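Welcome, and please open your viewer. We will go from stop to stop, with something to select at each one.

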Amino acid sequence: MSTHSNAPARAAGGPDPGILGLVSLGLLVGSLISMAVLSGGGTITSPFGDTETVAGFFADHGFAARFASMLQLGSSIPLGIYAATVYARQQRLGIRVPGPNIGLFGGTTAAILLAVSAIITWTQSQPIVSANPELTHTFAYLSFAAGGFAHVLGLGLLVAGIAVPALLLRLVPVWFAWVGLVVAILAELSFLTMVIEPLQFLIPIGRFGSLIWLVAAGFLLPKTRHTQGERA
């Protein structure tokens, strides 16, 4: 009887968020590695460069850009599922503060914007588009905005939406929750890139710092209050 009654509860837990985070991070890193390998060590240049350089990359390395954008698009799916899964877990833990809703909004936004950025990059790689330097450069700004600071802003909200309730309720080690808050703040500050170009370094810090923290949080966050009490 007890085994039967516990089975639905376990099934309702959904996929493991830690694994989802690993898959999302792995696909994103894979997109960067594949871009470098397939383009002979090249990377997509910053849209703040000159038009000939930006457009020339896509004209010369169209397949590399398409393959990398495919992996990037794939990365957005487990990220969105991660946000939904953690939200459901927070609800089961009895968290009734705005944090879970903020995290769900941030994670969903981050996943959608990452997918939009991938689609734009795929579009840039098409010969009919890359043959038009000005159009390619315009798309470069759109891809950078969607997959850069806008995406990282969403990631920061997802991290904060998990870290704050986890800190208040001691669901994870206190130091780990504070690290999440610092990462979330750095991610949110990335929006300053819109007017202060030298602050672009905040984007990779916010992106990879958030994803690595989310992977760890996915494994550390308890499934039930009872589980959390046993850990304590």
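Start by selecting Y141, and bear in mind that this is a predicted model. Y141 counts as partly exposed, because its relative accessibility of 38% falls between the 20% and 50% limits. Now add F48, which is partly exposed as well, at 30% relative accessibility. Show both side chains: F48 and Y141 form an edge-to-face aromatic pair, with 5.8 Å from centre to centre and 80° between the planes. Then look at where the two partners sit in the chain. F48 lies in the loop between helix 2 and helix 3 (51-60), while Y141 belongs to helix 7, so the pair links distant parts of the chain, 93 residues apart.

Next, select F144 and F149. Their rings also meet edge-to-face, at 6.1 Å centre to centre and 75° between the planes. Is F149 buried or exposed? F149 counts as buried, with 12% relative accessibility, because that is under the 20% limit. Keep all these rings on screen: F48, Y141, F144 and F149 are linked into a cluster by ring pairs. If you would like to hunt for others, a search of the whole structure finds seven aromatic pairs.

Now let us turn to empty space. Rolling a probe the size of a water molecule over the atoms shows where such space is left.

The largest pocket has a volume of about 700 Å³. To find its centre, select L32, I44, F144, G147 and R207, the closest to that point among the 28 residues of the lining. You have already met F144, in the aromatic cluster. For a wider view, colour helix 2 (17-38), helix 4 (62-92), helix 5 (99-124), helix 7 (133-168) and helix 9 (202-220), each of which gives two or more residues to the lining of this pocket. Which element gives the largest share of that lining? Helix 7 does, with five residues. Colouring the lining by class shows 14 nonpolar, 13 polar and one charged residues.

For the last stop, look for a cavity. The structure holds one of 30 Å³ or more, and the largest cavity has a volume of about 30 Å³. Select G21, S24, L79, Y82, L211 and L214 to see what lines this cavity. Helix 2, helix 4 and helix 9 each contribute two or more residues here. By class, the cavity lining divides into four nonpolar and two polar residues, with no charged ones.

Definitions and conventions: Residues numbered from 1 in each chain as written. Predicted model: local features only at pLDDT ≥ 70, side-chain atom pairs only at ≥ 80, totals over all residues. Heavy atoms only, no water. 1 Å grid on protein atoms, 1.4 Å probe; cavity = no way out; pocket = protein on both sides within 12 Å on 5 of 7 lines; lining within 4 Å. Points joined across faces, edges and corners; volume = space filled by probe spheres on them. Helix = DSSP H or I, 4+ residues; strand = E, 2+ residues; numbered from the N terminus. Nonpolar A, V, L, I, M, F, W, Y, C, P; charged D, E, K, R; others polar. Phe/Tyr/Trp six-rings, centres within 6.5 Å; stacked < 30°, edge-to-face > 60°. Buried < 20%, exposed > 50% of the residue type's maximum accessible area, 1.4 Å probe, protein only.
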